[in-house]
Amino acid sequence: MKETPYFNFIEEVLERNYKDFKEYKDFKELCKKYLDKYMIAYSVKTNSFSSLIKKLDELGSSFEVASMKEILQVPKSNIFNGSAKTKEELAIAIEKCILINVDNKSELDNFTLFRDVSLSS
């Protein structure tokens with residue numbers, strides 16, 4: 001039987017690393033100096049292991065998603081990236097008040113459709 005890779009993480013190490021990064025003095029000072037608002041967001045496409053996502057949520061992490069599957073997988077999505085967002089994904093992201101990074105004109109055109117619907121309501 002062929003072995004497959006697996007992911008093993010130690011919650012205590014993840015928690016320590018997350019807190020160390022979040023509280024890193026230079027990081028906090030740079031954010032205060034140059035950014036009005038910021039968030040630490042884990043990219044779900046990097047690793048969507050459910051226990052990892054659960055632990056990061058407990059630690060207060062935000063999440064960056066790139067698909068409907070990822071939107072539905074995390075407890076809260078804060079940033080929606082990706083170059084091929086469907087109208088359905090955009091509608092869900094708008095409904096959930098997720099920050100959407102727009103990658104092309106067709107996505108902007110899709111926003112016009114949602115605006116027209118909300119204006120007529």
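**Reading the terms in this structure**

Mentor: The structure holds 11 salt bridges, and the model in front of you is a predicted one.

Trainee: What makes the contact between D57 and K76 a salt bridge?

Mentor: A salt bridge requires a Lys or Arg side-chain nitrogen within 4 Å of a carboxyl oxygen of Asp or Glu. The side chains of D57 and K76 meet at 2.6 Å, N to O, so the pair satisfies that limit.

Trainee: Why can one say that D57 and K76 tie parts together?

Mentor: D57 belongs to helix α3, whereas K76 sits in the loop between α4 (68-73) and β3 (79-80), so the pair ties together parts that are 19 residues apart in sequence.

Trainee: Are D57 and K76 buried or exposed?

Mentor: Neither word applies, because buried means under 20% relative accessible area and exposed means over 50%. D57 has a relative accessible area of 27% and is therefore partly exposed, and K76, with 30%, is partly exposed as well.

Trainee: How do you know that E29 and K25 are joined by a salt bridge, and where do they lie?

Mentor: Their side chains meet at 3.8 Å, N to O, which is within the 4 Å that the term allows. Both residues lie in helix α2, 4 residues apart, about one turn of the helix. As for the surface, E29 has 42% relative accessibility and counts as partly exposed, while K25, with 57%, is exposed.

Trainee: What can be said of K105 and D109 in the same terms?

Mentor: The side chains of K105 and D109 meet in a salt bridge of 3.0 Å, N to O, and both residues lie in helix α6 (residues 105-120), 4 residues apart, about one turn of the helix. K105 is exposed at 57% relative accessible area, and D109 counts as partly exposed at 36%. Elsewhere, salt bridges that share partners join E11, E15, K19, K55 and E58 into one network.

Trainee: Let us turn to the interior. Which residues have the most contacts inside the largest nonpolar core?

Mentor: That core has 21 residues, and those with the most contacts inside it are V44, L52, L56, F63, V65, V74 and F80. Two or more residues each come from α1 (11-22), α2 (25-34), α3 (50-58), β2 (62-65) and α5 (87-95), and the largest share, 3 residues, comes from α3. Leaving out residues up to four places away in sequence, L56 touches L14, Y18, Y42, S61 and F63.

Trainee: Why is S61 called buried?

Mentor: S61 has a relative accessible area of 1%, and since buried means under 20%, the word fits. S61 is placed in the loop between α3 and β2, and, not counting residues up to four places away in sequence, S61 touches Y18, I40, A41, Y42, L56 and K76.

Trainee: How do you know whether S62 is buried or exposed?

Mentor: S62 has 10% relative accessibility and therefore counts as buried, because the limit is under 20%. S62 lies in strand β2, and its contacts beyond four places in sequence are M39, I40, A41, Y42 and N78.

Trainee: What makes the approach of S62 to N78 a polar contact?

Mentor: Their side chains are joined at 3.5 Å, and the term covers a suitable pair of N or O atoms within 3.5 Å, so the value meets the limit.

Trainee: Why is C97 called exposed?

Mentor: C97 has 70% relative accessibility and so counts as exposed, given that exposed means over 50%. C97 is found in the loop between α5 and β4 (99-100), and it has a positive phi of about 55° although it is not a glycine.

Trainee: What makes Y38 eligible for a nonpolar surface patch?

Mentor: A patch residue must have over 30% relative accessible area and no salt bridge, and Y38, which is partly exposed, has 40%. Y38 lies in the loop between α2 and β1 (41-43), and together L30, Y34, L35 and Y38 form a nonpolar patch with about 440 Å² of accessible area.

Methods. Residues numbered from 1 in each chain as written. Predicted model: local features only at pLDDT ≥ 70, side-chain atom pairs only at ≥ 80, totals over all residues. Heavy atoms only, no water. Core = buried A, V, L, I, M, F, W, Y, C linked by side-chain atoms within 4.5 Å. Buried < 20%, exposed > 50% of the residue type's maximum accessible area, 1.4 Å probe, protein only. Contact = heavy atoms within 4.5 Å. Polar contact = N/O pair within 3.5 Å; in protein donor to acceptor, adjacent residues only side chain to side chain. Patch = residues over 30% accessible without salt bridge, like charges linked within 9 Å, V, L, I, M, F, W, Y side chains within 5 Å. Areas by Shrake-Rupley, 256 points an atom, 1.4 Å probe, with all protein chains shown as cover.
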